[in-house]
Amino acid sequence: MMGHLIRIETLNLNNNRFVGELPSELKNCRNLTLVDVGENKLSGLIHEWLGENLLNLAIIILRSNQFYRSIPPQLCHLTQLQILDLSMNNISGTIPKCLNTWTTLAQNGHSSANIEHSTYLQWRGSTYYLPYDDEASLTWKGVRSKYKSILGLVKSIDLSCNKLSGEIPTEITYLVGLVSLNLSRNRLTGQIPSRIGNLQELDSLDLSRNQINGRIPISISQIDRIGYLDLSQNNLSGKIPKGRQLQTFDSAYGGNPLLCGEPLPRTCPEEEKGPGQSVLVNEDDKDGLITRGFYISIGLGFAVGFCGVCGILLLNRSCRYTYFNFLTFLNGWLYVKA
């Protein structure tokens, strides 16, 4: 019977004991802007009709259920999407690359630093205020909190505590309105997108407990408003970029044994050499064919060849006469030609 509620705009069934799958009749409720079924025991797939039929959806919260398989790419059709919380499920596969089509998230909004003081924007007709008055529970800086009066200002993606694999898509750097991004506790690999610094509105970034490798992009130091950062328990390496706030997150880099620089106690090799001194580069890392043994073999070959020629000239009189006669002839020939 739920499919007959065609004018319903908000569906909040959070924190109950519902089991089974999302009823397919919901695809008839095309006016839905919020679907919150978090904290239940729902299972099954995340259905494609969420992105094909419910094009007005701005908030999707499926947190803490038993949904599995991959994130359907049809969710990319939700251009008005503002909050996506799929955390604490059994979702696998990769993060869709089409998420840069979420135009609301790709637009700059108010920074999270002012969210606590921005309630007045709602009665002034701000474009960031959603056309309904409801509340939702979200994880913000590692703390679960309820948002109501300022819900329309929050722009968040939370895919944490799943089984997602593959790389973080570079398309995520187009979502410049994002205030919170949480991809922690997955199986993500590859490197942090080099243009992560484009997300100037980010207040919270959590990529911890994955298998991300490579260096921390220098552009991350350009995010001036970031108030929470966690990159711990990965395979990151190299020097931590210096920024206004990056050195204040003492516990954000733990579990990355190849990271160095402030605020970690491990100094980087270039810092140990001191300013103005060159840093020796291990040539073994540049070319697997050029090793220390390669240079040793060159030296031994030269020594053996030189001693062999000189030894023959010293011990064999006929060879010595022939060799010096040849040099005398060559010298005279070159003199005449010149």
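**Figure 1. Close-up of R185, a residue with positive phi.** R185 sits in the loop between β13 (180-182) and β14. The structure shown here and in the other views is a predicted model. Phi of R185 is about 55°, a positive value although R185 is not a glycine. With a relative accessible area of 45%, R185 is partly exposed.

**Figure 2. Close-up of R69, a residue of strand β6 with positive phi.** R69 is not a glycine, yet its phi is near 70°. The residue belongs to strand β6. R69 counts as exposed because its relative accessibility is 52%, and the cut-off for exposed is over 50%.

**Figure 3. Close-up of the disulfide between C76 and C98.** The structure holds 2 disulfides, and this view shows the one formed by C76 and C98, with sulfur atoms 1.9 Å apart. The link connects distant parts of the chain, 22 residues apart. C76 is in the loop between β6 (66-69) and β7 (83-85), whereas C98 is in the loop between β8 (90-93) and α2 (120-123). The link of C76 and C98 is right-handed, with 70° about the S-S bond. C76 counts as buried at 5% relative accessibility, while C98 is partly exposed at 25%.

**Figure 4. Close-up of the disulfide between C260 and C268.** The sulfur atoms of C260 and C268 lie 2.1 Å apart. The torsion about their S-S bond is about 105°, so this disulfide is right-handed. C260 counts as buried, with 10% relative accessibility, and C268 is buried, with a relative accessible area of 0%. Counting bonded cysteines along the chain, the disulfides follow the pattern 1-2, 3-4.

**Figure 5. Close-up of the cis peptide bond from E262 to P263.** Omega of this bond is near 5°. P263 is part of the loop between β19 (258-260) and α3 (269-273).

**Figure 6. Close-ups of C29 and C161.** C29 is buried, with a relative accessible area of 0%. C161 is partly exposed, with a relative accessible area of 28%.

**Figure 7. Close-up of the salt bridge between E39 and R63.** The count of salt bridges comes to 2. In the pair shown here, the closest N and O atoms of E39 and R63 are 2.1 Å apart. E39 lies in the loop between β3 (34-36) and β4 (41-45), and R63 lies in the loop between β5 (59-61) and β6, so the pair ties together parts that are 24 residues apart in sequence. E39 is partly exposed, with a relative accessible area of 26%, whereas R63 is buried, with a relative accessible area of 12%. Side chains of opposite charge can pair when their charged atoms come close.

**Figure 8. Close-up of the salt bridge between R225 and E201.** The side chains of R225 and E201 meet with an N to O distance of 3.4 Å. R225 is in the loop between β16 (213-214) and β17 (228-230) and E201 is in the loop between β14 (187-189) and β15 (204-206), so this salt bridge ties together parts that are 24 residues apart in sequence. R225 counts as partly exposed at 38% relative accessibility, and E201 counts as buried at 8%.

**Figure 9. Close-up of the largest nonpolar core around L22.** The largest nonpolar core has 59 residues. Within this core, L22, W102, L159, L229 and Y253 touch the most other members. Apart from neighbours within four places in sequence, the contacts of L22 are V37, L42, H47, W49, L50, L62 and F67. A second core, separate from the largest one, has 6 residues, among them A58, I59, I83 and V154.

**Figure 10. Close-up of a nonpolar surface patch that includes L330.** The patch has an area of about 810 Å². Its residues are Y323, F324, F326, L327, F329, L330, W333 and L334. L330 belongs to helix α6 (residues 317-337). L330 is partly exposed, with a relative accessible area of 33%.

Technical notes
Residues numbered from 1 in each chain as written. Predicted model: local features only at pLDDT ≥ 70, side-chain atom pairs only at ≥ 80, totals over all residues. Heavy atoms only, no water. Disulfide = S-S within 2.5 Å. Helix = DSSP H or I, 4+ residues; strand = E, 2+ residues; numbered from the N terminus. Buried < 20%, exposed > 50% of the residue type's maximum accessible area, 1.4 Å probe, protein only. Patch = residues over 30% accessible without salt bridge, like charges linked within 9 Å, V, L, I, M, F, W, Y side chains within 5 Å. Areas by Shrake-Rupley, 256 points an atom, 1.4 Å probe, with all protein chains shown as cover. Salt bridge = Lys/Arg side-chain N within 4 Å of Asp/Glu carboxyl O. Core = buried A, V, L, I, M, F, W, Y, C linked by side-chain atoms within 4.5 Å. Contact = heavy atoms within 4.5 Å.
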